[in-house]
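Got the structure open in your viewer? Grab your mouse, and let's walk through it one selection at a time.

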Amino acid sequence: MKKQRFSNRTWHQRLNDLLSLLVFLLALQLILGPFLPNVSFYAGQAITPAADNTTNQPNISDTPRLMIPKIKFNQEILEGSDASVLNNGVWRRPNTSQPDIGGNTVIVGHRFFQNQRGDFYHLDKLAVGDQIIVDWDKARYTYQVNAIKVVEPSAVAVEADTPVPQLTLYTCTPLWTASQRLVITADLIRTEP
Amino acid sequence: MKEWQRTVALVALLIIGAAVWYWLQQQYTLNFLQSL
C-alpha cells in the first residue's frame, strides 16, 4: 500500500492514527511506568551525590515524623486503626510499639499506588548502616539499618515485639506486585534530647 | 484491513490495556491490605 501524506488522509484514517498513538502510549505506561521514578532518583543522585541535608529538620517536629535522608523521605507518620490510612501516607501499625516505649515500632507504606510512586517506592535503595530518624512526642530517635530482607506476606513475625528498641519498615516487593515484603530493620543508636 | 476494522481493533486494545492496568492496581492494593 502506498503511503499517504498526513494531510491527504481521511478523517477515519486520522482517527485510527490517534487511536494507534494512544495504544502505544498506554503500552509504554504499563511497561515502563512502575520504573520511571528510579530514573529520576538515580539522575538526581548523579547531579547531587551528597546526602541531602534538607531532609533533616533542625527542629524536632511536633507531630510524629519519619525521615530517611538517603532517599530524601520526610513525611508525617499517620496513626489509625484501619488500613485505609495507607492511602494517605505511611502508617504506624497500631498493634506494634512506639519509639518512646521501646520494643518493635513497625511503619508500613505503599511501594506503588494508583499507578504512581508510593511513599516507600525507594525503600529498596537503603543499605545496612543508613540512618532513619523518627520524631515522636517531642523527642528524636535515630536508628541505623541493621538488616534488609525479603519475606513472604505470611511472615507476621516481622511485627513481633523485640526486647530492645527497634524500628521496622516494610512495603511490597517486587514492583507492580504485592507478592512479597521488603523488610528493613534498624537499631536505635541515639535519642534526643 | 478496512479502516472500520482497524478502529474496532484499536478500541478493543485500548479497553484491554486499561482493564489490565486497573486489574494490576487492584491486585497490588488488595494483596497488600489483606496481608496486613
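Start by selecting A:Ile77 and A:Val90: the two stand opposite each other, with A:Val90 sitting in β3(A). Keep in mind as you look that this is a predicted model. Now colour the two strands around that pair. β2(A) and β3, which covers residues 90-92 of chain A, run parallel and are joined by two bridges. If you're wondering what holds such neighbours together, strands of a sheet pair through backbone hydrogen bonds, either parallel or antiparallel.

**Step back to β1**

Next, select residues 65-68 of chain A, which is strand β1, together with residues 73-78, which is β2. This pair runs antiparallel, with four bridges joining the strands. Click on A:Ile68 and look across to β2(A): the residue opposite is A:Phe73. The two strands form a hairpin with four residues between them. Which residue in this hairpin takes a positive phi? Pick A:Lys72, whose phi is near 55°.

**On to β4**

Go back to β3(A) and look at its pairing with β4(A). Those two strands run antiparallel, joined by two bridges. To see one of the matches, select A:Trp91, whose bridge partner in β4(A) is A:Val108.

Now show the whole of β4, residues 104-108 of chain A, along with β9, residues 166-173 of chain A. Do they run parallel or antiparallel? They pair in the parallel sense, over five bridges. Two matches are good to click on here. A:Asn104 has A:Gln166 as its bridge partner in β9(A), and A:Thr105 stands opposite A:Leu167, also in β9(A). While β4(A) is still selected, notice how covered it is: four of its five residues are buried.

**See the barrel**

Time to zoom out and select the strands together. Eight of them close into a barrel in chain A, and the order to trace is β1-β2-β3-β4-β9-β10-β8-β7. The pairing around this barrel is mixed. From one strand to the next, the twist averages 30°.

For the wider view, show chain A as a cartoon. It has two helices and 10 strands. Following the sequence from its start, you meet the elements in the pattern α-α-β-β-β-β-β-β-β-β-β-β. Chain A has 193 residues, and 26% of them are buried. Among its contacts with a separation of 6 or more, 52% are between residues 24 or more positions apart.

**Look into the core**

Which residues have the most contacts inside the largest nonpolar core? Select A:Ile107 and A:Ile132. That core has 32 residues. Stay on A:Ile132 and bring up the residues it touches: A:Ile68, A:Tyr143, A:Val145, A:Leu167 and A:Ala186, leaving out those up to four places away in sequence. Two of these names should ring a bell: you met A:Ile68 opposite A:Phe73, and A:Leu167 opposite A:Thr105.

**A stop in a loop**

Now find A:Asp124, in the loop between β6 (116-117) and β7 (131-136) of chain A. Why does A:Asp124 count as partly exposed? It has 18 C-beta neighbours inside 10 Å, while a residue needs 20 or more to be buried and 12 or fewer to be exposed. Setting aside neighbours within four places in sequence, A:Asp124 is in contact with A:Thr173 and A:Leu182. Try the distance tool on A:Asp124 and A:Ile148 too: they are 24 residues apart along the chain, and their C-alpha atoms are separated by 8.7 Å.

**Meet chain B**

Switch on chain B, which has one helix and zero strands. Its C-alpha trace spans about 50 × 10 × 5 Å along its principal axes. Of its 36 residues, 6% count as buried. Colour chain B by confidence: its pLDDT averages 84, and 92% of its residues score at least 70.

Finally, select the place where the two chains touch. The contact takes 23 residues from chain A and 20 residues from chain B. On the side of chain A, the elements that give two or more residues are α1 (11-32) and β5 (112-113). α1(A) gives the most, with 11 residues. Colour this side of chain A by class and you get 15 nonpolar, eight polar and no charged residues. As for the model overall, it scores ipTM 0.82 and pTM 0.76.

Key:
Residues are numbered from 1 along each chain as its sequence is written. Chains are lettered from A and ligands numbered from 1 in the order in which they are written. This is a predicted model: local features need pLDDT of at least 70, side-chain atom pairs count only at pLDDT 80 or more; totals for chains, interfaces and linings use all residues. Two strands pair if DSSP finds at least two bridges between them. Axes are lines fitted to C-alpha atoms, for helices over the stretch in contact, and angles run from 0 to 180 degrees between N-to-C directions. Two residues are in contact if their C-beta atoms, placed from the backbone, lie within 7 Å. Ala, Val, Leu, Ile, Met, Phe, Trp, Tyr, Cys and Pro count as nonpolar, Asp, Glu, Lys and Arg as charged, and the others, Gly among them, as polar. A nonpolar core is a set of buried Ala, Val, Leu, Ile, Met, Phe, Trp, Tyr and Cys residues joined through C-beta atoms within 7 Å. pLDDT is the predictor's confidence in each residue, from 0 to 100.
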